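Colleague: Please pick one part of this model, describe its surroundings closely, and then work outward to the rest of the assembly. I would like each term given with its cut-offs.

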Number of protein chains: 2
Amino acid sequence: MRSEGRGRVVTIAEVAQHAGVAPSTVSYVLSGKRSISPKTRRRVEDSIRVLNYHPHAGARALASQRSNVIALVVPLRPGMHVPVLMQFAISVVTTARRFDQDVLLLTADEGPAGLRRVAASALVDALIVMDVELHDPRLPELRTLHQPSVLIGIPADTAGLTCIDLDFAAAGALCVDHLADLGHRSIGLVGPPTAVYERETGFATRTISGFEQAVARRGLAASTHPCEPTYEAVRRTLDDLFRAQPELTGLVVHNEAVISPLLDSLHQVGKRVPQDVSIVAICPADVAERAVPPLSSVLIPAEDVGRLAVELLMDSLEGRQNRQTTLLAPRLTRRQSAATATA
Amino acid sequence: MRSEGRGRVVTIAEVAQHAGVAPSTVSYVLSGKRSISPKTRRRVEDSIRVLNYHPHAGARALASQRSNVIALVVPLRPGMHVPVLMQFAISVVTTARRFDQDVLLLTADEGPAGLRRVAASALVDALIVMDVELHDPRLPELRTLHQPSVLIGIPADTAGLTCIDLDFAAAGALCVDHLADLGHRSIGLVGPPTAVYERETGFATRTISGFEQAVARRGLAASTHPCEPTYEAVRRTLDDLFRAQPELTGLVVHNEAVISPLLDSLHQVGKRVPQDVSIVAICPADVAERAVPPLSSVLIPAEDVGRLAVELLMDSLEGRQNRQTTLLAPRLTRRQSAATATA
DNA sequence: GTGAAAGCGCTAACAC
DNA sequence: GTGTTAGCGCTTTCAC
């Protein structure tokens, strides 16, 4: 005796019949949109279990105008730090499931048309777009869409959009304050290559401005240096730095690709970390942990961002409006690369 | 004049009216399931463009019994090498889009019930399940499902299932042959910790058997060693190895976590790579490339596996049956860690 | 080569 | 607190 026929789908009508109620009652038991007597509820729930009923997603989407699916658009660009990206995606899926939503995975290479496709076909109720650039070509589309969206990253014009990102200005300032608190008076910022400052997400610029404001506030000597991720560029940057500021004892590094060549180069010129030079990095936790020595760092809170993105989306879907940008406060984790200045 | 109303969805009926044809004709233009006169086709296509029509995914799924969505179940377990996982996922999405399919991202923590949920609700037409273990609790569910599925990894019993994986036995043999061809006569295999051999995917066992068969075939001296990813364990393993085989000049490493401590330890006991010891690794390409020196390696062909998985699924959906397991031939990339034996 | 119309399985008025 | 029923927008016979 097997109750499931070949390929047959159990329908709400069958459940209703089995429980001796109307189809709508089954629907309402499932959605909780009207009160049901405990007795009826139990009967229906039993039938659902016995028949192993699962509502047809397409039918439900058609009738209710809700697919219960969220789109997640991930970047393909090789520059990204993959573990952080994955951590973020996992966090999105996990949070979405808490709200009974599923997640459709899209790649950025579909461009604006990809967003339109899944939105216009009502495949998804909402979208999360990662790695949004300053002048992202998808912005017009996102503003037009009937579905709410959350952008990870802050474009140049955020009007009409909901954005989330780490507060890089605060992160830059936090690093400066940490070094200043440890007694360092002359510090430097090693950032991403110049190219990054022009296009992309603008986070590099925000870090610099936070860095510079904090430097001014604390009355430190400082300079900032874009840096390519090559040994040669790192050497040159260090030369520049120590020539301009011979007293330099602190470094803020906002460029994960540069970390290991930088540590190597420092070692080779006889500068010990943290005895001679203290370092604070803005980078993924795993990178900071694996460095030798492990770096005190401000981490990218991928998990929080993912969770928050979904929560904002659910708010929008429930009618709670929230067009605005959210900057997450940075948190500094002390490890072994920053110590009291020995001047 | 704006043709899109507030939240209104353009329907096939509107397109039909605009083009002066029946709704079914529009449908057939879209699906290509019956021949249309060039003239009609053009009219319909124009209307579709003008009205910016996108078929409603839910309605389509309901009427056609096809959602055009594939589920991708990714593991959460921290042991996984994340970049490979991501590479695989990207490959799945990219290939799926070529077949006009979308990808629903699920995490393994939903277990068998998660598979049932998306399958029974007809949210997806097919499933790809990554990181399948020898006695995976999801196997019964996968056998019951009305949707086809492809498993990444080879369980103990593959009956009624479609599985794909790298041919680890062949990979083990390939490494042995490479070392033997270079003149090495005494070699060792450093594998994953013993725990991995018992549970999980069985790939470790397959590597060993391939290794041992090749060793026998080539008449080499050899031994195999599970190894925890700690410096201490690595030292002990090397001690054992060189005590038992003082003439040892070649190592096959199938454990990416062990690579960097192993290279360090070798360096510290004065063994140069590749002059004194040649190494061939079975690991992701990025790990092999980043090692010092870069390792000759058999890589995990994540991209091929992802593409193939989707292609197999599409075959099933099109009615081309294929219950079977596919082992991908390993490819060895020469880098700098393996050289001619200097005996 | 094209049209008419019957569902697909569910939700949400509306009625009681 | 529960039942009836009209769609939701599409695909696919069936008919011409």
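**Strand 9 of chain A and its surroundings**

Modeller: Strand 9 of chain A, residues 278-282, is mostly covered, with 5 of its 5 residues buried. This is a predicted model, in which local features need pLDDT of at least 70 and side-chain atom pairs count only at pLDDT 80 or more, while totals for chains, interfaces and linings use all residues. Residues are numbered from 1 along each chain as its sequence is written, and chains are lettered from A and ligands numbered from 1 in the order in which they are written.

Buried here means that 20 or more other C-beta atoms, placed from the backbone, lie within 10 Å of the residue's own (exposed is 12 or fewer, partly exposed in between); helices (H or I, at least four residues) and strands (E, at least two) are DSSP runs numbered from the N terminus. In a regular strand the side chains alternate between the two faces of the sheet. Both faces of strand 9 of chain A are covered, since S278(A), V280(A) and I282(A) on one side are buried, as are I279(A) and A281(A) on the other.

Strand 9 of chain A pairs in the parallel sense with strand 8 of chain A (residues 250-253) over 4 bridges, where pairing requires that DSSP finds at least two bridges between the strands. Within this pair, I279(A) of strand 9 has L251(A) opposite. The chain passes from strand 8 through helix 12 of chain A (residues 259-268) to strand 9 in a right-handed β-α-β crossover, that is, one whose path from the first strand over the helix to the second runs clockwise when the strands point away from the viewer. Strand 9 of chain A also pairs in the parallel sense with strand 10 of chain A (residues 296-298), over 3 bridges, and V298(A) in strand 10 is the bridge partner of I282(A). The path from strand 9 to strand 10 of chain A runs through helix 13 (residues 285-290), and this β-α-β crossover is right-handed.

Moving outward, the domain assignment, which is automatic or from a database, divides chain A into domain 1 (2-64), domain 2 (69-166 + 302-328) and domain 3 (168-300). The C-alpha centres of domain 2 and domain 3 of chain A are 30 Å apart. Contact, defined by C-beta atoms placed from the backbone lying within 7 Å, involves 12 residues of domain 2 and 11 residues of domain 3 of chain A. On the domain 2 side, helix 5 (82-98) and strand 5 (163-166) of chain A are the elements that give two or more residues.

Between the chains, 32 residues of chain A meet 32 residues of chain B. Helix 5 of chain A supplies the largest share of the chain A side, 8 residues. Strand 2 of chain A and strand 2 of chain B (residues 102-107) run antiparallel and are joined by 3 bridges, with L105(B) as the bridge partner of V103(A).

Finally, the DNA: 28 residues surround DNA strand C, the closest being I12(A), S24(A), A63(A), S24(B) and S35(B), where a residue is near if its C-beta atom, placed from the backbone, lies within 6 Å. For DNA strand D there are 29 residues, the closest being A22(A), S24(A), S35(A), I12(B) and S24(B). Helix 2 of chain B gives the most to the surface near DNA strand D, with 6 residues.

Technical notes: Contact = placed C-beta atoms within 7 Å.
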